[in-house]
Structures are given as C-alpha cells and as structure tokens.
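User: I am new to reading structures. Please take one part of this chain and give me a close look at how it sits among the rest.

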Amino acid sequence: MQALFDGGRVIDLILALMAFEAVALGILYRRTGRGISPARLLPNLLAGAFLMLALRASLSGAGAYAMAFWLVLAMLVGILISLVIGSW
C-alpha cells in the first residue's frame with residue numbers, strides 16, 4: 001500500500017477513475033438528457049486532474065517547477081471556468 005503513495009501511483013488510479021466518471025456521465029447525459037452537460041463538467045474535471053497531477057509531481061519528487069506548472073494550469077482553468085460560467 002505504501003508503494004502506491006510513494007511513487008504517486010495512487011494518483012494514476014484516481015485519474016483513471018475521473019476519466020471513467022467523465023465517460024459515464026457523458027453517456028448518461030447523451031441517453032437521458034439528465035445530469036450535467038459535458039460542456040460544464042469537463043472543465044471542472046480538467047482543473048481537478050491538473051491538481052491531481054501537481055500532487056503526483058509532489059509525491060514522486062519531481063521538483064517545484066513541475067508542481068508549479070500543474071498548479072498554474074489548474075488556476076488558469078479555474079479562472080476560465082469563472083469567466084465562462086458567469087456568462088452562461
């Protein structure tokens with residue numbers, strides 16, 4: 001169990017579950033029209049994935065610049081979400 005956390009493999013598992021969630025919710029929305037539209041869901045999942053990648057960089061010892069890169073991308077997506085959702 002410790003090996004999952006040491007190398008950041010647990011983050012890979014979480015990212016795979018996030019991808020599965022996106023596909024499942026997209027199929028649900030397409031078939032029933034219920035739930036969150038993919039246009040609103042995907043940017044939030046993308047920001048969350050960038051945060052997970054920053055955590056993975058930290059767990060794997062990738063360095064400050066790698067963590068900063070993913071954190072800045074998450075911040076930019078968050079700002080974009082705020083600007084776009086404000087106009088929806």
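Analyst: Start with a yardstick: the expected span of a helix is 1.5 Å times one less than its number of residues. Now apply that to helix H3, residues 38–59, in this predicted model. H3 has 22 residues. From its first C-alpha to its last, H3 reaches 30 Å. The expected value is 32 Å, so the two figures are close.

First, the setting. The chain has four helices and zero strands. Read from the N terminus, its elements run α-α-α-α. The C-alpha trace spans about 40 × 30 × 10 Å along its principal axes. The radius of gyration is 15 Å, whereas a compact globule of 88 residues would have one near 12 Å. Of the 88 residues, 19% count as buried. The chain exposes about 6100 Å², and carbon and sulfur atoms supply 71% of that area.

Now look along H3 itself. Which residues of H3 are buried? They are Leu41, Leu45, Ala47, Ala49, Phe50, Ala54 and Ala57. What covers them? The cover includes helix H2 (9–32) and helix H4. Contacts that join distant stretches of sequence matter in the count for the whole chain too. Take the contacts with a separation of 6 or more: residues 24 or more positions apart account for 57% of them.

One side chain of H3 deserves its own stop. Arg56 lies in helix H3. Arg56 has a relative accessible area of 23%, so it is partly exposed: the class runs from 20% to 50%. The side chain of Arg56 meets that of Asp12 in a salt bridge, at 2.8 Å from N to O. This pair links distant parts of the chain, since Asp12 is in helix H2 and the two residues are 44 apart.

Asp12 has a second partner. Its side chain also meets that of Arg9 in a salt bridge, at 3.1 Å from N to O. Arg9 and Asp12 both lie in H2. They are three residues apart, about one turn of the helix. An α-helix has 3.6 residues a turn, so residues three or four places apart point the same way. Asp12 is partly exposed because its relative accessibility is 26%, between the 20% and 50% cut-offs. Put together, Arg9, Asp12 and Arg56 are linked in a network of salt bridges. A search of the whole structure finds two salt bridges.

What comes after H3? The helix is followed by Gly61. The phi of Gly61 is positive, near 75°.

Then there is H4, residues 64–85, one of the helices covering H3. Val84 lies in H4. At 30% relative accessibility, Val84 counts as partly exposed. Val84 belongs to a nonpolar patch on the surface. The other members are Val72, Met75, Leu76, Ile79, Leu80 and Leu83. Together these residues have about 630 Å² of accessible area.

For contrast, go to the start of the chain. Ala3 is in helix H1, residues 2–6. Ala3 is exposed because its relative accessible area is 60%, over the 50% cut-off. Ala3 and Glu21 are 18 residues apart in sequence, and their C-alpha atoms are 25 Å apart in space.

So keep this picture of H3. Its buried residues have H2 and H4 among their cover. Its Arg56 meets Asp12 of H2 in a salt bridge. Gly61 follows the helix.

How values were computed: Residues numbered from 1 in each chain as written. Predicted model: local features only at pLDDT ≥ 70, side-chain atom pairs only at ≥ 80, totals over all residues. Heavy atoms only, no water. Patch = residues over 30% accessible without salt bridge, like charges linked within 9 Å, V, L, I, M, F, W, Y side chains within 5 Å. Areas by Shrake-Rupley, 256 points an atom, 1.4 Å probe, with all protein chains shown as cover. Salt bridge = Lys/Arg side-chain N within 4 Å of Asp/Glu carboxyl O. Buried < 20%, exposed > 50% of the residue type's maximum accessible area, 1.4 Å probe, protein only. Rg over C-alpha atoms; globule rule 2.2 N^0.38 Å. Contact = heavy atoms within 4.5 Å.
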